[in-house]
Amino acid sequence: MTTVEAAATEVPLRINGRQHVVVLEPRVSLLDALREHLDLTGSKKGCDQGTCGSCTVWIDGRRVLACLTLAAAASGHDIVTIEGLADGDQLHPMQRAFIEYDAFQCGYCTSGQIMSAIKVIEEGNAATDEDISEFMSGNICRCAAYPNIRAAIRHVRDEAGGRP
Amino acid sequence: MSAVGTPVTRVDGPAKVTGAAKYSAEIGLPGMTYLAVVGATIASGRVTAIDAEAARAAEGVLAVLTPEDLPKIAAEPHLLPSLVGGPAPGESFFPMQDDVVQYAGQPVALVVAEEYEQAQHAASLVRISYQPTKSITTIDEGRDQAYEAERLFGGLMPARSERGDVEAGLAAADVRVEVAYKMAANHHNPIEAPSTVATWDGGNLTLYESTQGIRATQQTVALLLGLPIARVRVITRFVGGGFGAKAMVWPNVTLTAMASRYVGRPVKLMLTRPQMFTSNGHREEQEQRIAIGATRDGQLTAIRHEKLSITSPFDDWAEPATGVSSQLYGCENYLGIHRLIKGNTMTPTFTRGPGESLGVFTLETAMDELASHLAIDPVELRLRNHTPVDPFGHPWSSDGLVECLRLGAERFGWSDRNPAPRTTRDGEWLIGTGVAAAAYPIAFFMPPQRARARIFADGSAIVQTSTQEFGTGVLTMATQVGADALGVALRDMEFQAGDSDLPNSTAAVGSAGAGMVSSAVHAAGTALREQLIALAVGDEQSALHGAAPASVKVADGHLTSAERPGAVDTYRELLSRNHMSDAEALGTWRPPPLDTPHGLLTFGAQFAEVAVDPELGLVRVRRLNGAFAPGRVLNPLLAHSQLMGGMLWGMSQALLEGNHMDPRYGRWAETNLAEYLVPVNADAPEVRVDFVDVDDELVGPLGAKGVGEIGQVGVAAAIANAVFHATGRRIRSLPMAPELVMDPAADGQ
Ligand code: FES
Ligand code: FES
């Protein structure tokens with residue numbers, strides 16, 4: 001049998017405000033581009049099938065699963081990863097709250113949880129605990145830190161007066 | 001001030017919330033290549049041909065390895081739990097040595113390529129021809145071949161436990177409960193897949209490995225490759241969850257090392273999610289039966305507890321299920337048996353709450369049935385059967401069961417309960433509450449544990465041991481313990497782990513991690529402190545010169561003595577006066593002997609409230625309360641998280657998790673996270689955790705009994721008992737899927 005392999009090409013990617021150019025085959029996912037080609041390993045691969053949420057990043061301000069997004073398709077868009085949240089040593093309030101409320105154990109789902117958690121508040125889906133748990137249910141935490149994740153989100157929501 | 005016992009946040013918190021923490025597959029090495037594993041699609045038979053031509057021709061492919069290309073292993077692997085401290089292969093089998101297929105998913109070919117996508121694609125091009133033979137992958141298929149196991153765990157533990165005369169005890173009982181359960185297989189599914197990066201430098205191998213046992217990995221790979229242990233180094237910075245999946249050393253680790261040697265480049269393997277169902281063990285499909293006899297006032301007269309499960313063709317493996325049922329309550333007549341069926345699966349392995357969590361499920365649901373037959377409150381029934389000694393008459397190293405039941409009942413509001421089933425409603429929903437006792441054995445199979453403590457001239461200090469952080473909080477707790485033992489402030493102490501070059505620490509399994517590591521770290525910190533105190537009292541220039549060493553106290557790096565009011569020396573000044581750039585000491589903790597005259601269980605009590613939709617059979621857990629007596633709590637914030645996570649695992653075991661073999665193909669029916677259900681945020685209720693203080697001087701210098709498993713134990717039983725209270729139905733299978741809960745045939749059972 002014959003196989004057709006499309007040649008790798010240069011793909012410009014704007015990540016955390018910085019412009020990168022990576023040489024990638026067209027089949028490379030955004031997640032693998034980040035992890036294997038750009039050493040941005042904060043975004044995690046938990047399933048590579050769109051079921052766990054650990055690869056959650058923002059594209060043009062919306063939460064997206066990087067394992068189900070082709071890198072080439074993300075070109076020309078604004079990509080934000082967990083590495084783009086802190087301002088130097090100054091953590092994002094959600095990052096601080098995750099530490100304070102012990103909202104993780106092994107930490108492997110944590111990047112995705114935080115990327116989702118910030119958006120859940122921005123989307124206006126964090127008014128009640130029920131809302132939070134519903135709209136955070138795309139992010140699996142096998143360590144089951146869920147009650148603490150909700151506590152961290154409540155804390156950030158209330159500190160921000162219910163607004164981002 | 002003591003750092004131990006305070007709720008300090010995780011020392012690795014900032015690294016984890018910023019994405020800076022590096023897990024094993026995130027190690028970048030120049031010239032990295034990617035490994036893809038081709039797994040067998042049949043469960044039993046032979047590989048008759050491998051056509052690798054298309055794969056070899058695919059772009060970027062460096063090698064396609066079949067059994068012909070792969071070297072033979074240097075020694076046969078023999079299963080032995082990693083807690084013992086030696087090599088710990090997960091199964092007494094190594095794939096790709098010949099053409100035999102023993103289970104579906106077994107590696108049959110390897111592909112190494114320049115890029116991840118190239119390796120995955122080429123793996124899909126490898127054509128394997130098989131000659132299948134009839135497989136056995138379910139209990140139903142192999143029931144007539146069941147045999148009683150003699151020993152479990154590679155011979156480590158007896159499979160039968162017996163005392164008194166169980167049949168006579170049952171015959172003499174006023175009331176008997178006899179029940180049987182079917183329990184589906186479970187898969188650990190940590191979110192980080194097992195990952196290996198292997199790289200060779202001459203004859204030296206370095207592995208970056210996601211493991212719960214760095215030294216177990218080092219020794220196993222050295223054994224299989226015929227290398228001196230000193231030539232294998234294992235580095236593990238962070239592990240994205242284990243739950244038992246990474247407690248033993250599975251073939252893929254050694255295969256990655258072999259592939260790396262073959263291509264002469266670093267090789268990375270990250271198993272795919274579907275491969276995680278056939279590569280790192282699972283909790284076996286099983287059936288349990290229990291018969292309990294009791295007097296009219298609820299005193300147990302006999303317990304007979306049997307487990308039947310599927311193991312692999314090459315190992316007598318069963319998670320032991322009778323360790324708790326044989327000890328938890330005072331009962332003269334007991335029989336515990338494990339029966340096995342050899343099937344075409346890989347060797348099953350430890351899964352959180354190994355064995356005993358399902359053993360306790362069986363015992364504690366039967367106790368609930370007994371309570372309802374006798375019209376005795378379920379909490380009261382357990383209190384009546386409490387025993388202060390184990391079956392040999394040895395007192396518990398520490399107890400707390402009674403206190404846990406009482407405290408849990410009080411916090412939960414147990415006394416408000418109407419005991420009659422199917423009487424409480426909230427709108428359409430039926431409401432029920434349930435209780436179960438929890439206990440988990442403590443095992444001292446490990447060899448001596450060591451740590452090294454070192455202090456520098458500026459007063460900063462470090463403690464090291466070869467453990468690994470997979471979410472237990474060990475980095476944080478060991479920092480606290482080390483700071484206290486040496487007598488320095490928390491900010492001056494750093495704990496370093498994750499490297500097999502560091503002093504010996506055994507695999508963190510069976511809740512043993514915190515106890516082992518804290519004991520070794522305590523020993524090292526104490527040894528260094530004593531060395532420095534001796535230096536100070538012998539130093540003519542020290543304000544403490546001549547003081548009795550035992551009178552010297554150290555806190556925040558300051559040495560004082562009750563014999564010398566007002567006199568102070570400091571570690572910094574002491575070291576610089578003596579022209580020392582640092583000082584170090586090794587500390588060793590020896591576990592108590594296996595025949596210590598003590599009962600060894602960690603105790604707790606679980607309470608659950610459920611709401612059941614009678615039409616749809618949906619069970620929603622509304623509340624979980626646990627009370628635990630895990631000995632010294634090193635860090636209440638982190639212990640709370642561990643216990644809470646365990647309790648939600650118990651909920652999941654009760655309601656969500658189960659996999660089934662498709663007997664036609666001998667393959668698992670569910671091989672991804674969309675089909676194999678694990679809890680999501682919306683499944684998880686609020687969880688309350690309370691602690692009962694118990695002193696335990698036996699289990700280690702700090703008295704920590706461990707919190708990794710006990711949180712998970714008993715929860716499923718409390719939920720099942722609550723489902724009965726809500727509906728009047730006893731569900732005889734796990735997980736308690738809606739179709740079982742809505743089935744009126746279960747009424748009154
Ligand atoms: S890795 Fe993308 S959803 Fe799991
Ligand atoms: S912290 Fe381990 S999976 Fe969430």
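1. Let's start with strand β21 of chain B, residues 449–456, in this predicted model. Its side chains alternate between two faces. Q449(B), A451(B), A453(B) and I455(B) point to one face and are buried. R450(B), R452(B), R454(B) and F456(B) point to the other face and are not buried. If you follow the strand by eye, you can see the arginines fall on the face that is not buried, with the alanines on the buried one.

2. β21(B) has partners to look at as well. It runs antiparallel to strand β27 of chain B (residues 582–589), and eight bridges join the two. A handy landmark here is A451(B), whose bridge partner in β27(B) is G587(B). Strand β22 of chain B (residues 461–464) is also antiparallel to β21(B), with four bridges between them. In that pairing, A453(B) is matched with V463(B). So two of the residues that point to the buried face, A451(B) and A453(B), serve as markers for the two pairings. As a general reminder, strands of a sheet pair through backbone hydrogen bonds, either parallel or antiparallel.

3. The turn from β21(B) to β22(B) deserves a glance. The two strands form a hairpin with four residues between them. Within this hairpin, G459(B) takes a positive phi near 90°.

4. Next, please look at the loop between β3 (61–65) and β4 (100–101) of chain B, where T66(B) is found. T66(B) counts as buried because its relative accessibility is 8%, under the 20% cut-off. Leaving aside neighbours within four places in sequence, T66(B) is in contact with I50(B), M96(B) and V108(B). One of these, M96(B), sits in the loop between β3 and β4 of chain B too. M96(B) is likewise buried, at 2% relative accessibility. Its phi is positive, about 65°, although M96(B) is not a glycine. That is worth a second look, because most residues other than glycine have a negative phi.

5. D98(B) also belongs to the loop between β3 and β4 of chain B. Is D98(B) buried, partly exposed or exposed? With a relative accessible area of 46%, D98(B) is partly exposed. A polar atom of the D98(B) side chain lies 3.0 Å from the backbone nitrogen of V100(B). For a sense of scale, D98(B) and L586(B) are 488 residues apart in sequence and 46 Å apart in space, C-alpha to C-alpha.

6. On annotation, UniProt has an unreviewed entry that places "domain: Aldehyde oxidase/xanthine dehydrogenase a/b hammerhead" at residues 18–134 of chain B. Over residues 18–134 of chain B, the chain is 13% helix and 29% strand. The end C-alpha atoms of that stretch are 51 Å apart.

7. Turning to chain A, five strands form an open sheet with mixed pairing, in the order β2-β1-β5-β3-β4. Why is one side of β2 (18–24) and of β4 (62–65) of chain A left without a neighbour in the sheet? These strands stand at the edges, and each has a single partner strand, so one side of each is left without a neighbour. Neighbouring strands of the sheet are turned by 45° against each other on average, direction ignored. Strand β1 of chain A (residues 9–15) pairs with β2(A) in the antiparallel sense over seven bridges. Among those pairings, V11(A) has V22(A) as its bridge partner in β2(A).

8. Two helices pack on this sheet. Helix α1 of chain A (residues 30–37) touches β1, β2, β3 (56–59) and β5 (78–80) of chain A, and its direction makes about 95° with that of β2(A). Helix α4 of chain A (residues 110–122) touches β3, β4 and β5 of chain A, and its direction makes about 45° with that of β3(A).

9. Two backbone details may merit checking. D39(A), in the loop between α1 and β3 of chain A, has a positive phi near 55° and is not a glycine. The peptide bond from L734(B) to P735(B) is cis, with omega near -5°.

10. Finally, the interface: 62 residues from chain B and 54 residues from chain A take part in the contact. About 4,700 Å² is buried between the two chains, with carbon and sulfur atoms giving 54%. In chain B, V17(B), I191(B) and N681(B) lose the most area to chain A, together 17% of what that side buries.

Notes:
Residues numbered from 1 in each chain as written. Chains lettered and ligands numbered in written order. Predicted model: local features only at pLDDT ≥ 70, side-chain atom pairs only at ≥ 80, totals over all residues. Heavy atoms only, no water. UniProt positions renumbered as here; feature names shortened; annotations may be inferred. Pairing = 2+ DSSP bridges. Axes fitted to C-alpha atoms, helices over the stretch in contact; angles between N-to-C directions. Contact = heavy atoms within 4.5 Å. Buried < 20%, exposed > 50% of the residue type's maximum accessible area, 1.4 Å probe, protein only. Polar contact = N/O pair within 3.5 Å; in protein donor to acceptor, adjacent residues only side chain to side chain. Buried area = accessible area lost by both parts, 1.4 Å probe.
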